[in-house]
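Welcome, and please have your viewer ready with selection and colouring tools at hand. We will go from stop to stop, with something to select at each one.

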Amino acid sequence: MMHTAMAQSSTQLYVETIQVAPGGGPLQMTFRDQGTGATEYMVEFSEALGKSEVWAAEQSAVIKPLGAGAYRIDIAEPREPNIFYRVVALTSAGPVVAEFANTRLQVTEGGTVEAVIQFSSPYTGPLSYRIEGPANGYAGPLSGTIMVNNSTTAAIALQIGDNPTTDELSFLSLIIQVGGRIQGGTDTQALITIGDNDAVWDGGFVSDGLEFIFKYRRSRNGSGELAALVSNGDGLIPAGEYPAQRLSPDQSFPATMRITLPSTASALELATTISLVLDSQPGNGGDVLTDDEVQGTALLTITYDGREHLNSTRFGRFILKRPPPVPSSSQTELIASP
Ligand SMILES: [Ca+2]
Ligand SMILES: [Ca+2]
C-alpha cells in the first residue's frame, strides 16, 4: 500500500517518517512543528491530490507529543489502498461558538435546503449535526459531519426527499452537535418547514349551458410532474382517475384527459369518448398560472361510436385552485433547545 503524508502548506508542518507495517496494519508517522504556534493538530485524508482532492478528518488518528515540537501519529487501521494524509495545525485551539445564521428555513420537497452556521472566530475542523422530527422520512442520513477550513461560516446542505403523496405540513429540526472545540451559541437549532409539491386541486369547467366540477391531482416525484383528473362520478364523467397527457413531463399545460366509456357506462348506451383539453397561456386573456391557481381555456369533445351526428365540441374555461396545505396533526413544530 502507499501512504503518503504531506504538510499543509500554510502551516509548514512536515512529516518526517512514515512507518507502514508489512501487509497493511497500523500506520505510524512523526512530524515536527517548526513554529506554527499551534496547540492542536488534526490529521486529514484524501483519496487523491490535485483538482479532485477532498480532505476529511481521520477520526481514528491519535496524536501524541514526543517533546521538542515533535509528534507521533498512530492510525490503527489505515484506509486502503492509496491514500494521502496531511497534518493541519489548529492555531486557534480555544473554544469556538457556533450557531445558525437563520433558524427558520423553508424548502419544498425534492429541493435542497442550506443552513448557514456562523462561528465566533475562524474555525478549522469537523462540525457535526443531527436531524430530528417526525418528517425524518424526507431526509437521508439523520446525522452528518462537514469539514470547515479556517472559516467563520459553514453551510449544511440537506436534500429533501420527494414523494408522490399529498402530505400535511412537515417540519424537521437541524441541530448543531456541540462538543470538543464547538460550543453552542443561542441558536444551535434550526427549524425547516417542508412544503408539499403534491396536491389535489379543486377544478371547475364552465361553458355555455354546461358546468361541472372535478378534482385534479398534480404530483411531482423527482423525475417530473404527473397529473390526473379525479371524478367522483356525480357529473358528466364517471367516477375514476384519468391520467393527463402532456406535451412533456415538465410542462403542466396543455393537459389532455381522454376518457373512454363502454356503451354500458354511457347515458346513450353508445361507446363514448370524452376528451378534455386544458390549456393556460399566462398573458393571454384572463389566463392565470401560479402555484395556487390556474385558469385557462378548456375544450370538451364528446364523440359517440357510430353516431357522429351526436358528437359535440364545447369551448369553455377552466379553473383550478390549490387548497391550502393541511396543517400538521402531530404538533411537529419543535421548540428551540435550551
Ligand atoms: Ca408530497
Ligand atoms: Ca412530491
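**Stop 1: the largest core.** Select A98, I117, L127, Y129, L174 and I192, the residues with the most contacts inside the largest nonpolar core, which has 22 residues. A nonpolar core here is a set of buried Ala, Val, Leu, Ile, Met, Phe, Trp, Tyr and Cys residues joined through C-beta atoms within 7 Å. A residue is buried if 20 or more other C-beta atoms lie within 10 Å of its own, exposed if 12 or fewer, and partly exposed in between, with C-beta atoms placed from the backbone.

Now show the strands β9 (96–100), β11 (112–132), β12, β13 (170–176) and β15 (189–195), each of which supplies at least two residues of this core. The largest share, 7 residues, comes from β11. In soluble globular proteins, nonpolar side chains tend to be buried together.

Centre on I117 next. Leaving aside neighbours within four places in sequence, I117 is in contact with A98, E99, F100, A101, L127, T153, A154, I156 and I176. Two residues are in contact if their C-beta atoms, placed from the backbone, lie within 7 Å. Then move to a second, separate core of 18 residues, including Y216, L276, L278 and V294.

**Stop 2: the whole chain.** You are looking at a predicted model, in which local features need pLDDT of at least 70 and side-chain atom pairs count only at pLDDT 80 or more, while totals for chains, interfaces and linings use all residues. Residues are numbered from 1 along each chain as its sequence is written, and chains are lettered from A and ligands numbered from 1 in the order in which they are written.

Switch to cartoon: the protein has 0 helices and 24 strands. Helices (H or I, at least four residues) and strands (E, at least two) are DSSP runs, numbered from the N terminus. Of the 338 residues, 25% count as buried.

Colour by pLDDT, the predictor's confidence in each residue from 0 to 100. The average is 84, and 87% of the residues score at least 70. Over residues 5–12 the pLDDT is below 50, and this stretch has 24 contacts in the model beyond near neighbours in sequence. Residues 331–338 also stay under 50, with 17 contacts beyond four places in sequence.

**Stop 3: strand β3.** Select residues 27–33 and show side chains. Which ones are buried? L27, M29, F31 and D33 point to one face and are buried, while Q28, T30 and R32 point to the other and are not. In a regular strand the side chains alternate between the two faces of the sheet.

Add β7, which pairs with β3 in the antiparallel sense over 6 bridges; two strands pair if DSSP finds at least two bridges between them. M29 stands opposite I73 in β7. Just before β3, pick P26 in the loop after β2 (13–20). P26 counts as exposed because it has 12 C-beta neighbours inside 10 Å. P26 and A76 are 50 residues apart in sequence and 4.3 Å apart in space, C-alpha to C-alpha.

**Stop 4: backbone details.** Select A68, in the loop between β6 (62–67) and β7 (70–75). Phi of A68 is near 55°, a positive value in a residue other than glycine. N150, in strand β12 (residues 143–159), also has a positive phi, of about 50°.

Finish at P254, in the loop between β19 (240–246) and β20 (255–261): the peptide bond from F253 to P254 is cis, with omega near 0°.
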